[in-house]
Amino acid sequence: MQKYKLLFNCFFKKKKLLKFVVKMFLIITVGVILIFSLNTYINKKYDTIKMENIKNNYVLLSSQKDYKDVIKEIDKKYIKNYYPVMIFRTQENSFIYADNNLINLKEGNYPKSIYEIVVNQNSNEKINDIISINADGNFYNLQVVGIYESNDFSFSMKDINEEIIFASFELMEKIGISENELLIQVNDYKNLDLFLKQLNEKKEYSIGVYERNIDILNKYFEFKKNIDILTKVVMVFAIILIVIVDIIIVNDNKIDIAIMKTIGFSDLKICLLFLAYISLIFLMSLIFSLIISLLVMVMLKNIFVISLSIIVIQIIKLLLSLIFSTFFMFLIINKISIINLMNIT
């Protein structure tokens, strides 16, 4: 045990090397923690903006085909949900069947029976009022059971200037449909262009896309992609730096390694001793790294996410990188011997 203490004392006496390694580990750790904290913030911000603009994930398809036939034809790889949209127009109103998930109900209930409807909050009708319509000579009395919030729909209602009234699926089937459409929710905004490209290749559909705040979404999407790439580059660069630092440490201790071999140390044991030595230096630098990282994140909390899990995960990754670097140390240690050093000198 005493000889190991002497070896470590010998290592730590090399103050220039020690300062260099501490500084390098400091830069690597701070850089990795900060870039992953920034990446987490940007991803969370992007997810928030996506949810605020979820309507941009909707595509409205119009075609001569029944919506069941349409859904069979298109690739479902990018589809999360789909809903039939039926439209019947009178001179005063446009009656539409749409899934309840697409209606922002302010008051009352969704249609549960054939002659129940939901009207706009800005209309003159109130709950329990009756609206009469004439559909091909047949009169229908429809009861208002709900009020929706506005005309700000999750899909593009093309060429509809009249007041929109939401009706039941059964009523739309009974009175006859002037337009039959399919509303598709894409599984992620990043796949929207790919899905639209597929549809445009078919040239069989009229396509309506909701494009509110599209510039903000595109900006954050591109920024997120760039930060994701930068994060991967920084992590790879950190691993390469760790390997380089370890090689520098081994090269700086060639004479000590050669002496250790002559007194019976195996290459593996020497490699493990150096791993312990380097890990100890890393843990020493870690205290300063955490202080600097936390100070930066507190001062710039609107840019970085302060998270214990991020810090712990990145430290574990760096420790694993240290273990990975022992492979290169072993290759160098294996070639070191007193004879080789004497030949060099």
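# Helices, rings and cores

Me: The axes of α8 and α9 come within 9 Å and cross at roughly 150°. What makes α8 roughly antiparallel to α9?

Reply: The angle does. Under 35 degrees counts as roughly parallel, over 145 as roughly antiparallel, 65 to 115 as roughly perpendicular, and the rest as oblique. Roughly 150° is over 145, so α8 is roughly antiparallel to α9. An axis here is a line fitted to C-alpha atoms, for helices over the stretch in contact, and angles run from 0 to 180 degrees between N-to-C directions.

Me: What kind of model is this?

Reply: This is a predicted model: local features need pLDDT of at least 70, side-chain atom pairs count only at pLDDT 80 or more, and totals for chains, interfaces and linings use all residues. Residues are numbered from 1 along each chain as its sequence is written, and side-chain values use heavy atoms, leaving out hydrogens and water.

Me: How many helices and strands are there?

Reply: Ten helices and ten strands. They are DSSP runs, numbered from the N terminus: H or I for helices, with at least four residues, and E for strands, with at least two.

Me: The axes of α2 and α8 come within 8 Å and cross at roughly 45°. Why is α2 called oblique to α8?

Reply: Roughly 45° falls in none of the three named ranges, so the pair is oblique. The crossing of α2 and α8 is right-handed. That word applies if the near helix is turned clockwise from the far one by less than a right angle; anticlockwise would make it left-handed.

Me: Why is the pair of F324 and F328 called edge-to-face?

Reply: Rings of Phe, Tyr and Trp (its six-membered ring) pair if their centres lie within 6.5 Å; planes under 30 degrees apart are stacked, over 60 edge-to-face, and the rest tilted. The centres of F324 and F328 are 5.5 Å apart and their planes lie at 75°, so both tests are met. Both residues sit in helix α9 (residues 308-335), four residues apart, about one turn of the helix.

Me: How do you know that F324 is partly exposed?

Reply: Buried means under 20% relative accessible area, exposed over 50%, and partly exposed in between (1.4 Å probe, protein chains only). F324 has 44%, so it is partly exposed. F328, at 29%, is partly exposed too.

Me: How many aromatic pairs does the structure hold?

Reply: Nine. One of them joins Y148 and F166, at 5.1 Å centre to centre with 75° between the planes. Those planes are over 60 degrees apart, so this pair is edge-to-face. Y148 lies in strand β7 (residues 138-148) and F166 in strand β8 (residues 163-167), 18 residues apart. Both Y148 and F166 are buried.

Me: What makes a set of residues a nonpolar core?

Reply: Its members are buried Ala, Val, Leu, Ile, Met, Phe, Trp, Tyr and Cys residues, joined through side-chain atoms within 4.5 Å. The largest core has 48 residues, and F25, I28, I249, F274, L318 and I333 touch the most other members. Helix α2 gives the most to this core, with 15 residues. Another core, of 22 residues, lies apart from it and includes V70 and Y220. In soluble globular proteins, nonpolar side chains tend to be buried together.

Me: Which residues is I333 in contact with, leaving aside neighbours within four places in sequence?

Reply: V250, I257, K261, D267, I270, C271 and F274. Contact means heavy atoms within 4.5 Å.
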